[in-house]
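Here are some notes to read alongside the model. Please keep the sequence and the 3D view open while going through the points.

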Amino acid sequence: MPSEQQVRDYWEQNPLLAHEVTTDDPVERWHYLDHIKRTDVEAFAVRYWQFENVADKSLLDLGCGPGWLSVMNARGGAQVTAVDITNQTLTLTKAALDVNGLSANLRQASAESLPLPDHSF
């Protein structure tokens with residue numbers, strides 16, 4: 001089984017969808033990511049998430065990757081805490097939030113040892 005450091009190193013070098021979304025421009029990156037999520041990767045699930053029903057809820061996006069779910073839930077009015085094991089993915093999440101004029105609490109941490117109080121969500 002890989003160590004936590006090996007997992008972190010892998011995802012730091014290979015953020016989710018990094019090979020599909022190759023632009024460095026944050027606006028283009030967001031639009032391409034949103035397109036991929038809505039038409040391919042998450043197309044089956046979009047209708048079930050009900051982002052319009054998350055207003056004023058406290059929501060944890062654990063393993064936030066490039067931040068699509070963080071953005072969609074923040075857009076729906078949730079108070080989002082986005083957690084990922086790497087700085088690289090949190091940078092991508094922050095850029096996606098910024099492009100959309102949104103914010104979230106971003107935390108770098110392992111899912112195995114979250115620095116959050118119990119019963120926070």
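1. Two strands pair if DSSP finds at least two bridges between them; helices (H or I, at least four residues) and strands (E, at least two) are DSSP runs, numbered from the N terminus. Here β1 (residues 58–62) runs parallel to β2, and five bridges join them. One of the partnerships puts L60 opposite T81 of β2.

2. This is a predicted model: local features need pLDDT of at least 70, side-chain atom pairs count only at pLDDT 80 or more, and totals for chains, interfaces and linings use all residues. Residues are numbered from 1 along each chain as its sequence is written, and side-chain values use heavy atoms, with hydrogens and water left out.

3. The largest nonpolar core (buried Ala, Val, Leu, Ile, Met, Phe, Trp, Tyr and Cys residues joined through side-chain atoms within 4.5 Å) has 18 residues. Buried means under 20% relative accessible area, exposed over 50%, partly exposed in between (1.4 Å probe, protein chains only). At least two core residues come from each of α2 (26–41), α4 (68–75), β2 (79–84) and α5 (87–99); α4 gives the most, with four.

4. Which residues does W30 touch, leaving aside those up to four places away in sequence? With contact meaning heavy atoms within 4.5 Å, they are W68, V71, M72, R75, A96, V99 and N100.

5. In α5, the buried residues are T89, L90, L92, T93, A96 and L97. Seen down the axis of α5, they fall within an arc of 160° (taken from the directions from the helix axis to the C-beta atoms), so they line one face of the helix. Their cover includes α2, α4, β2 and β3 (105–108).
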